[in-house]
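Look at the sequence and the model below. The report that follows goes through selected residues, the sheet, the core and the ligand surroundings.

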Amino acid sequence: MAAKVRTVERAGLSLMEKLYLPEIIKGMGLTLGHFLRNFHDTSNIIVRDYPDQKVDIPQRWRGRHRLTTREDGTVKCVACFMCATNCPAKCIFIEATEREDGVTEKMPERFDIDLIECVYCGFCVEACPVDAIRMDTGIFSVVTDNREDMLISKEELMRTPGAFKDHAKEEE
Ligand code: SF4
Ligand code: SF4
């Protein structure tokens, strides 16, 4: 059975709209109306005074990464490369080394993430078999004036704490 198609004619512009100027005045009048109303009462303005007023980040929101640590402060990562293999942006750079203390076989000598290329998909977190990488730092603003600073190192990743209490508890 053929689908019913309803054709809607285009209304076109009215004479006033074609004249252009009345529409501009109407628009400016609307803007002025909002300005005057909000000038006396700011409660309707949905604007946050960022960065003075911080944004509430939901716990499941994916922020800048961190590497979790063991109780003795050493890195939890076992340098299995699962995160780097899974990363669609190929922005995780790992160099593995032998772990001398016998806790695991390997650990990362180098673990860098290039945040310029990262798309914050969270696949690295999903791929990790030992919960060594997380995106629960609550850091959403990563700004710098040079490209080099966007490459965050293992040390920096380990230094960054988790932002949410119950996540920190999970680590204990
Ligand atoms: S969040 Fe996605 S793009 Fe960024 S490092 Fe992890 S896997 Fe790669
Ligand atoms: S962070 Fe996890 S997935 Fe990535 S290399 Fe370390 S242990 Fe493997």
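## Asp114 and its surroundings

Asp114 has a relative accessible area of 8%, so Asp114 counts as buried; buried means under 20% relative accessible area, exposed over 50%, and partly exposed in between, computed with a 1.4 Å probe on protein chains only. The model is a predicted one: local features need pLDDT of at least 70, side-chain atom pairs count only at pLDDT 80 or more, and totals for chains, interfaces and linings use all residues. Residues are numbered from 1 along each chain as its sequence is written, chains are lettered from A and ligands numbered from 1 in the order in which they are written, and side-chain values use heavy atoms, with hydrogens and water left out.

Asp114 sits in strand β3. Helices (H or I, at least four residues) and strands (E, at least two) are DSSP runs, numbered from the N terminus. Leaving out residues up to four places away in sequence, Asp114 touches Cys91, Phe93, Arg147, Met150 and Leu151, where contact means heavy atoms within 4.5 Å. Ser153 is 39 residues from Asp114 along the chain, and the C-alpha atoms of the two are separated by 9.0 Å.

## The sheet

In what order do the three strands of the open sheet stand? The order is β2-β3-β5, and the pairing is antiparallel. β2 (92-98) and β5 (151-152) are at the edges with a single partner strand each, so one side of each has no neighbour in the sheet. Two strands pair if DSSP finds at least two bridges between them. Strands of a sheet pair through backbone hydrogen bonds, either parallel or antiparallel.

Seven bridges link β2 with β3 (residues 106-114) in the antiparallel sense. Thr97 stands opposite Met107 in β3, and Ile92 has Ile113 of β3 as its bridge partner. On the β5 side, β3 and β5 run antiparallel and are joined by two bridges. Here Ile113 has Ile152 of β5 as its bridge partner.

## The nonpolar core

A nonpolar core is a set of buried Ala, Val, Leu, Ile, Met, Phe, Trp, Tyr and Cys residues joined through side-chain atoms within 4.5 Å. The largest such core has 20 residues, and Ile92, Phe111, Ile113 and Ile133 have the most contacts inside it. Two or more residues of this core come from each of α3 (82-86), β2 and β3.

Phe111 has contacts beyond its neighbours within four places in sequence; among them are Leu67, Cys77, Cys83, Ile92, Ile133, Ile152 and Leu157.

## Two polar contacts

A polar contact is a pair of N or O atoms within 3.5 Å; within protein, one must be able to donate a hydrogen and the other to accept it, and residues adjacent in sequence count only if both atoms are side-chain atoms.

Is Arg66 buried or exposed? With a relative accessible area of 5%, Arg66 is buried. Arg66 is in strand β1 (residues 66-67), and a polar contact of 2.6 Å joins its side chain to that of Asp136.

Asp145 lies in the loop between β4 (133-134) and β5. Asp145 is exposed, at 75% relative accessibility. The side chains of Asp145 and Asn146 make a polar contact of 3.2 Å. Ile24 is 121 residues from Asp145 in sequence and 40 Å from it in space, C-alpha to C-alpha.

## Backbone angles in loops

The table lists two residues other than glycine that have a positive phi.

| Residue | Phi | Place |
|---|---|---|
| Phe81 | near 70° | loop between β1 and α3 |
| Lys90 | about 50° | loop between α3 and β2 |

Phe81 is partly exposed, at 30% relative accessibility. Another loop, between α2 (21-40) and β1, holds Pro51. The peptide bond from Tyr50 to Pro51 is cis, with omega near 10°.

## Around the ligands

A residue is near a molecule if one of its heavy atoms lies within 4 Å of it. Ala, Val, Leu, Ile, Met, Phe, Trp, Tyr, Cys and Pro count as nonpolar, Asp, Glu, Lys and Arg as charged, and the others, Gly among them, as polar.

Ligand 1 has 14 residues around it, of which Cys87, Cys118, Cys121, Gly122 and Cys124 come nearest. Its shell divides into twelve nonpolar, two polar and no charged residues. Ligand 2 is surrounded by 14 residues, the closest being Cys77, Cys80, Phe81, Cys83 and Cys128. The shell of ligand 2 has 14 nonpolar residues, no polar and no charged ones.
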